[in-house]
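This report describes the fold of one protein for a reader who is new to structures. Please look through the sequence and the model before reading on.

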Amino acid sequence: MERNINRRRFLEISGAAGMAAIAGCAGDGEDTPTDTPEPTTAEPTTEEPTTEEPAADYTPPTETENALVEPATLKEWVDAELVNSDDVYADPRVAVIRVDAGNYDSGHVPGAVPLASDDAEGSATLATTRVEGLAQTQKLVPHGETVDQIIQNAGVGPNTTIVLAGDNPMYAARAYWVLRFWGFPRERVKVLQGGSSAYDDEFGLVYEDVQTPDTNYTVKGFEEPNYNSRKGLNELIQDVDAINAGEDAPSILDQRGEGDGEGEAKIAGSHIDQAGAYIDGDSFTAPNPWKSASEIEEHVNGYEGVDAANGDIVTMCHSGFKGTIAFFALDGIVGNENVALYDGSWSFSWSQYNGEQDPTPNEAWRTDINERTVGEITDTSQLDIDPDLNAELTELATLDANQVKKDAIEYIVGDTSGGFGCGS
């Protein structure tokens, strides 16, 4: 593949010694002097010529105001040949991923590739079934191997900034959270404002398939996963117990929304939130733009005791996807460092840990006792409690009770002997 590397121009500035012209004129009519000074020879300079790099004609990818980028900014990166350049070690460098992969053939940003792993594409890559608590649970964060496949398919290297494009903000938000959980810093993961449609309106899309350079880049290169961006079921139960005891605990934003969660049972102390409150327009799955940081803060601060910019906040929903809308808005746009997603979710986890299950979860895990849930939950349609785990995991504040966190640490760090806490 022909290399396509951004080449910057350098301006060479060299000093030059010069003679000043001597021009005399007598203002009073006197003759001009005929004596002229002896010419002098300038000493040769020994200084090396200096070079200065001109200011880049684009916003550096890691220096945008927040994780939301405008189409014009992405166009700057396209024009500067930062997108999908052949040198995967280049710094800066940009990879664009269309998250709604099914729409890839209908047009995409130049250099963009569809979101895909080895055996799936689009939203199917963003969740999997795995052990959480006492049972196999659906819609959880994908394994590290899957995320490695996603970023390698996109040609991501150690200095690459990822831009998540596409016309479904919820999928972009979920992809953002997955990458953040697996260690990517905020400055290296962006979401395209208005999606591919907004870019198309201003600059047009392309239709050809894009080839990416080979890369062996892996999330194992990070020091550790950003596990604080995720709440396991064991952690959320402890948080709710703390809320009920009047102790310090996170605020919970439940994005099942009015008409979707209002009037149903809910987690004690949670606020029924609206996923659409963070996006302009009637739908959080259509290519509508995200609201500004000030609008998001005003909305979230409207809940009693919630601090959008600095507060400890957990977002959630039915399945772990809508909840990422608030996560991205707060983490990516507002810049709150203390936001987490409960990706076990209401439908596939919390509502399943009740006394109607057979076998019945041990009391440490039951969400229908100790005033952990407001209202009645009797759903038994999803969960298959593992009797061995039910007998072994009777304490919540252990790393063994948070299998997703433990697996992530083992994948990146190699072992869990480094004092990563008890999963509480």
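## Leucine 164 and its surroundings

Leucine 164 touches Ile97, Val99, Ala172, Ala175, Tyr176, Leu179, Val189, Lys190, Val191 and Leu192, leaving aside residues up to four places away in sequence. The model is predicted, and every value below is computed from it.

Leu164 also belongs to the largest nonpolar core, which has 65 residues. The residues with the most contacts inside this core are Leu164, Trp182, Phe184, Tyr278 and Trp290. Helix 3 (residues 169-181) gives the most to this core, contributing nine residues. A second, separate core has 25 residues, among them Leu233, Val314, Trp365 and Leu383. In soluble globular proteins, nonpolar side chains tend to be buried together.

## The parallel sheet

In what order do the strands of the open sheet of five lie? The order is 3-9-8-4-5, and the pairing is parallel. Strand 3 (68-69) and strand 5 (113-114) stand at the edges with a single partner strand each, so one side of each has no neighbour in the sheet.

Strand 8 is mostly covered, since six of its six residues are buried. Thr160, Ile162 and Leu164 point one way from strand 8, while Thr161, Val163 and Ala165 point the other way, and all are buried.

The pairings can be followed across the sheet. Strand 8 and strand 9 pair in the parallel sense over three bridges, and the bridge partner of leucine 164 in strand 9 is valine 191. Strand 4 is joined to strand 8 by six bridges, and these two strands also run parallel. Here arginine 98 stands opposite alanine 165 in strand 8. Strand 4 (residues 93-98) pairs with strand 5 in the parallel sense over two bridges, and isoleucine 97 has valine 113 in strand 5 as its bridge partner.

Helix 3 lies across strand 8 (160-165) and strand 9 (189-192). The helix runs at about 155 degrees to strand 8.

## Asparagine 168, between strand and helix

Asparagine 168 lies in the loop between strand 8 and helix 3. Is this residue, asparagine 168, buried or exposed? Asparagine 168 is buried, because its relative accessible area is 10% and the cut-off for buried is under 20%. The side chain of asparagine 168 reaches the backbone nitrogen of methionine 170 at 3.0 Å. Asparagine 168 also touches Val99, Asp100, Phe284 and Thr285, not counting residues up to four places away in sequence.

## Backbone features in two loops

Most residues other than glycine have a negative phi, and most peptide bonds are trans. The table lists some places in this model that depart from that pattern.

| Place | Feature | Value |
|---|---|---|
| Aspartate 91 and proline 92 | cis peptide bond | omega about 10 degrees |
| Aspartate 358 and proline 359 | cis peptide bond | omega about 5 degrees |
| Asparagine 84 | positive phi | near 60 degrees |
| Serine 345 | positive phi | about 75 degrees |

Proline 92 has its place in the loop between helix 1 (71-79) and strand 4, and asparagine 84 is found in the loop between helix 1 and strand 4 as well. Proline 359 is in the loop between strand 15 (339-342) and strand 16 (373-374), and serine 345 lies in the loop between strand 15 and strand 16 too.

Asparagine 84 is buried, with a relative accessible area of 11%. Serine 345 is buried, with a relative accessible area of 0%.

Which residues does asparagine 84 touch, not counting residues up to four places away in sequence? They are Arg93, Val94, Gly111, Val210, Gln211, Thr212 and Pro213. Asparagine 84 and valine 210 are 126 residues apart along the chain, and their C-alpha atoms are separated by 8.9 Å.

## The protein as a whole

The protein has nine helices and 16 strands. Of its 424 residues, 51% count as buried. Among contacts in the protein with a separation of 6 or more, 72% are between residues 24 or more positions apart. The accessible surface of the protein comes to about 20000 Å², and 42% of this surface belongs to carbon and sulfur atoms.

Notes. Residues are numbered from 1 along each chain as its sequence is written. This is a predicted model: local features need pLDDT of at least 70, side-chain atom pairs count only at pLDDT 80 or more; totals for chains, interfaces and linings use all residues. Side-chain values use heavy atoms; hydrogens and water are left out. A nonpolar core is a set of buried Ala, Val, Leu, Ile, Met, Phe, Trp, Tyr and Cys residues joined through side-chain atoms within 4.5 Å. Buried means under 20% relative accessible area, exposed over 50%, partly exposed in between (1.4 Å probe, protein chains only). Helices (H or I, at least four residues) and strands (E, at least two) are DSSP runs, numbered from the N terminus. Contact means heavy atoms within 4.5 Å. Two strands pair if DSSP finds at least two bridges between them. Axes are lines fitted to C-alpha atoms, for helices over the stretch in contact, and angles run from 0 to 180 degrees between N-to-C directions. A polar contact is a pair of N or O atoms within 3.5 Å; within protein, one must be able to donate a hydrogen and the other to accept it, and residues adjacent in sequence count only if both atoms are side-chain atoms. Accessible areas come from the Shrake-Rupley method with a 1.4 Å probe; for residues, only the protein chains shown count as cover.
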